[in-house]
Amino acid sequence: MAPSQDRSQGRTGGIASVAAPAPATFTGNKALQIEEPLIFEMGQPGRCGVDLPEPPPKSPGVKDRLNGLRRSGEIGLPGLSEPQVVQHYTRLSQKNYAIDMGVYPLGSCTMKHNPRINEKIARLPGIGDLHPLQPISTVQGALALIDALAHWLKTLTGMPAVAMSPAAGAHGEMCGMMAIAAALEAKGQRAARKIVLAPESAHGTNPATAAALGFTVKPIPANERGRVDLAALKAALGPEVAAIMLTNPNTCGLFETEIIEISKAVHDAGAYFYCDGANFNAIVGRVRPGDLGVDCMHINLHKTFSTPHGGGGPGAGPVVLSAALAPYAPYPWIVKDGETWTVAEDGAKVDGQPLGRLKAFHGQMGMFTRALAYIMSHGADGLKQAAEDAVLSANYVMAVLKDVMTPAFEGPCMHEALFDDSFLKDTGVSTLDFAKAMIDEGYHPMTMYFPLVVHGALLIEPTESQAKEDLDLFIGALRSLAERAKSGTAAEEFKAAPRFSPRRRLDETLAARKPVLRWRPSNSFKQAAE
Ligand SMILES: Cc1ncc(COP(=O)(O)O)c(C=O)c1O
């Protein structure tokens, strides 16, 4: 490859960059932002970072144990030395934006700080080295830990039972809704109650969960205050309704002020109240969902209790359940038999009709440990303080920006500040352009175009983790962007954003329609490997 050629072309699969290219350098690097090739594009055939012994020759008379399937040619692994591998992956790791780098205002995600004490405790040998197949007698402390966390979750939510094993919020939704379906089945009502109600502002996982379980989803409109329209909800309730799936505080960042009336109406109609607890961080220590009439609720440990967001990986989404739904919780259950902890994994040891298993083993031990470390290091007062600070931060952002951006609803918010795009009207700048320009200012963009009930939504969740001066800088950047957008002279600049990132804006339509999902060897690579 010739020096100073724009190497980004290869990485984007030929997708055209909308903006003009930045000035070329000899290396293709931009200052210390290294233009990183794919690992398959690096190295030399035959180079190896380790000394491997030659495979032993086939002994005469021994039958080919691979049954003729032995590889006959090169498999095309990149030939790299150890430093090359280390440098490659270190450079890649530095391309990530992370909560440890700065403000991460992604609304509905609660990207809060993961305290290092959690990590330290999760790595203690007695915890980090556990194996889920160890004899129960050797993991008594781990079972006690799971039970202690369960106790905290029940206490903080005011609910009598909790299923610990679900692996994420969406998995918890599945667990809770399966428990509701099983309870309806036991009452002989499963066939009749086919409908699940979900507010228009619901997170996509709510209707997806209900639909995956065979329910029909009926949307409930929001009122002009961004809350569930109580009259519309009452009109939708009836003998065909199985449940409502409702987030509180909702995805507009607002507390459902008529929540008691909502839960009463749902129960009067013989339906269940599934609460999406993704936003529990805003009320933990202040409000117990059990007091609001919730029948079950998942808790995203990675949001409220600071375990790392798994990126689809090892998360945890325990589900708290009412006494009526508890018998339908999935296995396993941790139970204490005298002084000994045991794991109930079959019908002989538990009452009710459990759902069976939703997940291998007992749940995500590493996440349980981190969540308990967070809870115990904060204490009850600290948890409440964190919730209050998260709400204070969001209201600060909202209050300071409301003269230049347009809050979607009147009045104070909870943990996230929701703006619509009317402040960008007639500027030629869209929500997307605004978000891209935030990258140039050094910020991960907020959540865009969600919730759907707000036009061009910009949803900002600062969490309690940011120092005021960092929040002020962030607010200053947003204010300056809003003012520039409104000046009417900067549309082209916004359309070209991000201008300073290693990759410019991609043609998103082409990327969605013709995604390049697989690396294919170039001819030169194939020849070299041969
Ligand atoms: C309101 C809401 N519900 C459910 C979920 C799903 O949670 P998870 O990503 O843990 O599956 C999210 C995730 O962001 C959410 O914001």
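**Exercise 1. State how many helices and strands the protein chain contains, and describe its overall dimensions and burial.**

Solution.
1. In this predicted model, the protein chain has 16 helices and 13 strands.
2. Along the principal axes, the C-alpha atoms fill a box of roughly 80 × 70 × 45 Å.
3. The chain has 530 residues, and 47% of them count as buried, the criterion being under 20% relative accessible area.
4. The accessible surface comes to about 26100 Å², and carbon and sulfur atoms account for 57% of this area.
5. Among contacts between residues at least 6 apart in sequence, 70% join residues at least 24 apart.

**Exercise 2. Determine which residues of helix α7 are buried and how they are arranged about the helix axis.**

Solution.
1. Helix α7 spans residues 205-212, and its buried residues are Asn206, Thr209 and Ala210.
2. Viewed down the axis of α7, these buried residues fall within an arc of 95°, so they line one face of the helix.
3. The spacing follows a general rule: an α-helix has 3.6 residues a turn, so residues three or four places apart point the same way.
4. The packing partners of the buried residues of α7 are the helix α6 and the strands β2 (195-199), β3 (216-220), β4 (241-247) and β5 (272-276).
5. After α7 comes glycine 214, with a positive phi near 90°.

**Exercise 3. Identify the residues around the ligand and classify them as nonpolar, polar or charged.**

Solution.
1. The shell around the ligand consists of Ser108, Ala168, Gly169, Ala170, Glu173, His203, Thr205, Asp276, Ala278, Asn300, His302 and Lys303.
2. By class, three of the shell residues are nonpolar, six are polar and three are charged.

**Exercise 4. Work out which atoms of glycine 169, histidine 302 and lysine 303 lie at short listed distances from ligand oxygen atoms, and which elements supply the shell.**

Solution.
1. For glycine 169, the atom concerned is a backbone N or O, 2.7 Å from an oxygen atom of the ligand.
2. For histidine 302, a polar side-chain atom lies 3.0 Å from a ligand oxygen atom.
3. For lysine 303, a side-chain N or O atom is 2.8 Å from an oxygen atom of the ligand.
4. The ligand taken alone exposes 390 Å², of which the protein buries 85%.
5. Two elements, α6 (169-186) and α10 (301-304), give two or more residues to the shell.
6. Of the shell, α6 provides the largest share, with three residues.
7. Helix α6 thus appears in two settings: in the ligand shell and among the elements packed against the buried residues of α7.

Note on methods: Residues are numbered from 1 along each chain as its sequence is written. Side-chain values use heavy atoms; hydrogens and water are left out. A residue is near a molecule or strand if one of its heavy atoms lies within 4 Å of it. A polar contact is a pair of N or O atoms within 3.5 Å; within protein, one must be able to donate a hydrogen and the other to accept it, and residues adjacent in sequence count only if both atoms are side-chain atoms. Accessible areas come from the Shrake-Rupley method with a 1.4 Å probe; for residues, only the protein chains shown count as cover. Helices (H or I, at least four residues) and strands (E, at least two) are DSSP runs, numbered from the N terminus. Ala, Val, Leu, Ile, Met, Phe, Trp, Tyr, Cys and Pro count as nonpolar, Asp, Glu, Lys and Arg as charged, and the others, Gly among them, as polar. Buried means under 20% relative accessible area, exposed over 50%, partly exposed in between (1.4 Å probe, protein chains only). Contact means heavy atoms within 4.5 Å. The arc is that of the directions from the helix axis to the C-beta atoms.
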